[in-house]
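Good morning, and thank you for joining this group meeting. Today I should like to speak about aromatic rings and their neighbours. Please look at the sequence and the structure as they appear.

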Amino acid sequence: MNGLRAELALSGFGAPEPPLGTVPGGRVLAGASAVVTIYGARPGDCLDFNTGMRHRRLVVRVPCAGPHDGEIVEQHSLPGAFPGTEEAAERARRACAAAGERGTDGTPWRTWSTEEEWTEHGEGRATCYTVSRAAATPPVRTASASS
């Protein structure tokens, strides 16, 4: 078996809701490859910020041809030991300063590695991305280009 689909019905909790149906385009994304940390996303990846897992550093890679919350524009290595949160944020700001001018539609934002990610990978990473859907909630530890 390589898949499982289930429909559950709860009773006694209000009016029933109709089934959700299929994902737009009839595609189902494989969670193991679609859900990644913002650190693990790559330039050109289009993302949805809500994974439904209450972990704000996780994103879902989705096809760029369909609706999406944002797109990774570029990433930069931040070498050396973790410099502290404020300095890491400043390094990300400098690294992503021109990312919003790269021709990708949306509002430019940036994020940077947590201390744990920095330690795990031996360096930090600044991820420069755009937010294309106004109601989207970007991952934590982010700042807009105007910040």
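Let us start with Trp 118, which is buried, with a relative accessible area of 2%. I should say at once that the model before you is predicted.

How many aromatic pairs are there? The count comes to two.

One of them joins Phe 49 and Tyr 129, whose ring centres are 5.8 Å apart. The angle between the planes is 70°, and the pair is edge-to-face because an angle over 60 degrees counts as such. Where do the two residues lie? Phe 49 is in the loop between strand E2 (46–48) and strand E3 (58–62), whereas Tyr 129 belongs to strand E6 (residues 124–131). The pair therefore ties together parts that are 80 residues apart in sequence. As for burial, Phe 49 is buried at 8% relative accessible area, and Tyr 129 is buried at 1%.

Trp 118 returns in the other pair, with Phe 82 as its partner. Here the centres are 5.3 Å apart and the planes stand at 80°, so this pair is edge-to-face as well. Phe 82 sits in the loop between strand E4 (70–78) and helix H2 (85–95), and Trp 118 in helix H3 (residues 115–121), so parts 36 residues apart in sequence are tied together. Is Phe 82 buried or partly exposed? At 21% relative accessibility, Phe 82 is partly exposed, because buried means under 20%.

Finally, a charge and a ring: the charged end of Arg 125 sits over the ring of Tyr 39, at 4.3 Å from the ring centre.

Note on methods:
Residues are numbered from 1 along each chain as its sequence is written. This is a predicted model: local features need pLDDT of at least 70, side-chain atom pairs count only at pLDDT 80 or more; totals for chains, interfaces and linings use all residues. Side-chain values use heavy atoms; hydrogens and water are left out. Rings of Phe, Tyr and Trp (its six-membered ring) pair if their centres lie within 6.5 Å; planes under 30 degrees apart count as stacked, over 60 as edge-to-face and the rest as tilted. Helices (H or I, at least four residues) and strands (E, at least two) are DSSP runs, numbered from the N terminus. Buried means under 20% relative accessible area, exposed over 50%, partly exposed in between (1.4 Å probe, protein chains only). A charge sits over a ring if NZ of Lys or CZ of Arg is within 6 Å of the ring centre and within 35 degrees of the ring normal.
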